[in-house]
Amino acid sequence: MEKKLLDYEVGAGVDLFLLIKSSTKGIASNGKPFLSLVLQDKSGELEAKLWDVSDNDEANYAAQQIVHIVGDIQNYRGRKQLKIRQIRQAVPVDNVKPGDFMETAPIDKDEIANEIMQFIFKMKNANLVRITRSLLKKYQDRFYDYPAAVRHHHEFVSGLSFHVISMLRLAKAIADLYPTVDRDLLYAGVILHDMGKVIELSGPVSATYTLEGNLIGHISIVVEEVSKMAEELQIDGEEVVVLKHVLLAHHGKGEWGSPKPPLVREAEILHQIDLMDATMNMMDKALRHTKPGEFSERVFGLDNRSFYRPNFDQE
């Protein structure tokens, strides 16, 4: 089996084609320019520095370019980093394409779409069903292809919809345990909570934030979309107000991006399962390439903690 980027240990040499996920120009302390690159393949991503760059290098090694790299894996402040010794752009004879290097959800997107529809079929509140189905239909192509984030969690092709289906499964388990939960409101909130990311993010390849993403953000975007769709469908009343609150509150706190804290039961549940699923995805990613008996790299999105993989964990 061909080794991927994150399969290499510190000290190992690599000779790989990789996709540039992001490229940022900086100036070193000696005044010379450099590029900070995030390089990826299907196993994940690593940072690298390209020193003493020219204007041509900045254009040649921009995001979404495929490059061939010879280098070494090194440890930098507790994290793996790729030290570049040779780099060149891929050419047609190399026979490589961006899709060869992009991580995808572990479930096929058609299977994800079918499962989400099964949850919608179980909803009984006609107004919530109409709003949810209409927005899902409006953005379905992007919804099933986009990542859930630029960095940190579910940042892969179909990551957004995979995040949603994982949360729906959690939501069902919680509603089974606590029968007072309004399943329709909770399911609608789960399906729609990150829908604004189809506008906030640029797409599934080397995702960046759009103008709307930088200036408005996905929470405000989806609440506006719900308002417009409710007006189009001639739906008003408390259901729309409460649904918008659930969406506004799903980050839990103002400092985490929510204009309101959760003030209804389903809003609190949505916040908790969103946090749980994102956390588990980040932990799984960190531990996937950690040997039993060792600690993972530090995870910036989880308070910069390293996580231990027990010796009896052989998966």
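This is a short tour of one structure, stop by stop, with a selection to make at each. Keep in mind that the model is predicted.

**Stop 1: strands 1, 4 and 5**

Select residues 13-27, which are strand 1. Add residues 66-76, which are strand 4. The two strands pair in the antiparallel sense, over seven bridges. To see one of these pairings, pick Val14 and look across to strand 4, where its bridge partner is Gly71.

Now add strand 5, residues 79-89. How many bridges join strand 4 to strand 5? There are ten, and these two strands also run antiparallel. Pick Val67 this time: its bridge partner in strand 5 is Gln89.

Next, look at the turn. Strand 4 and strand 5 form a hairpin, with two residues between them. Select Arg77 in that turn; its phi is positive, at about 55 degrees.

**Stop 2: Arg79**

Move on to Arg79, which is found in strand 5. Arg79 counts as partly exposed, because its relative accessibility is 34%. Show what surrounds it. Setting aside residues up to four places away in sequence, Arg79 touches Gln74, Glu297 and Arg298.

Then select Leu46 as well. Leu46 and Arg79 are 33 residues apart along the chain. Draw a distance between their C-alpha atoms, and the viewer should give 9.0 Å.

**Stop 3: strands 2 and 3**

Select residues 33-41 for strand 2 and residues 44-51 for strand 3. Do they run parallel or antiparallel? The pairing is antiparallel, over eight bridges. Here too is a hairpin: two residues lie between strand 2 and strand 3. Pick Leu35 and find Leu50 in strand 3, which stands opposite.

Keep strand 3 in view and bring back strand 5. These two pair in the parallel sense, over three bridges. Select Ala48 to follow one link: its bridge partner in strand 5 is Leu82.

**Stop 4: salt bridges**

Now turn to charged side chains. Side chains of opposite charge can pair when their charged atoms come close. The count for this model comes to 16 salt bridges. Visit three of them.

Begin with Glu9 and Lys291. They form a salt bridge, and their closest N and O atoms are 3.9 Å apart. Which parts of the chain does this pair tie together? Glu9 lies in the segment before strand 1 and Lys291 in the segment after helix 11, so the pair links parts that are 282 residues apart in sequence. Glu9 is partly exposed, with a relative accessible area of 39%. Lys291 is partly exposed too, at 42%.

Next, select Lys97 and Asp100. Their salt bridge has its closest N and O atoms 3.1 Å apart. Lys97 counts as exposed, because its relative accessibility is 52%. Asp100 counts as partly exposed, at 27%.

For the third, select Glu225 and Lys228. The closest N and O atoms of this salt bridge are 3.3 Å apart. Both residues lie in helix 9, residues 218-232. They are three residues apart, about one turn of the helix. Is Glu225 buried or exposed? Glu225 is buried, with a relative accessible area of 8%. Lys228 is partly exposed, at 42%. Add Lys138 to the selection: salt bridges that share partners join Lys138, Glu225 and Lys228 into one network.

**Stop 5: Asp274**

Select Asp274 in helix 11, residues 265-288. Asp274 is buried, yet it has no salt bridge. Where is the nearest side chain of opposite charge? It belongs to Lys197, 6.6 Å away. A salt bridge needs the nitrogen and oxygen within 4 Å, so this pair does not count as one.

Now show the contacts of Asp274. Leaving aside neighbours within four places in sequence, it is in contact with His163, Met167, His193, His250 and His251.

**Stop 6: a patch on the surface**

Finish with the surface display. Select Leu211, Leu215 and Ile216, which make a nonpolar surface patch of about 340 Å². Leu211 sits in helix 8, residues 211-215. Leu211 is exposed, because its relative accessible area is 60%.

How values were computed. Residues are numbered from 1 along each chain as its sequence is written. This is a predicted model: local features need pLDDT of at least 70, side-chain atom pairs count only at pLDDT 80 or more; totals for chains, interfaces and linings use all residues. Side-chain values use heavy atoms; hydrogens and water are left out. Patches are made of residues with over 30% relative accessible area and no salt bridge: like charges are joined within 9 Å, nonpolar side chains (Val, Leu, Ile, Met, Phe, Trp, Tyr) within 5 Å. Accessible areas come from the Shrake-Rupley method with a 1.4 Å probe; for residues, only the protein chains shown count as cover. Helices (H or I, at least four residues) and strands (E, at least two) are DSSP runs, numbered from the N terminus. Buried means under 20% relative accessible area, exposed over 50%, partly exposed in between (1.4 Å probe, protein chains only). Lys and Arg count as positive and Asp and Glu as negative; His and the chain ends are not counted. Contact means heavy atoms within 4.5 Å. Two strands pair if DSSP finds at least two bridges between them.
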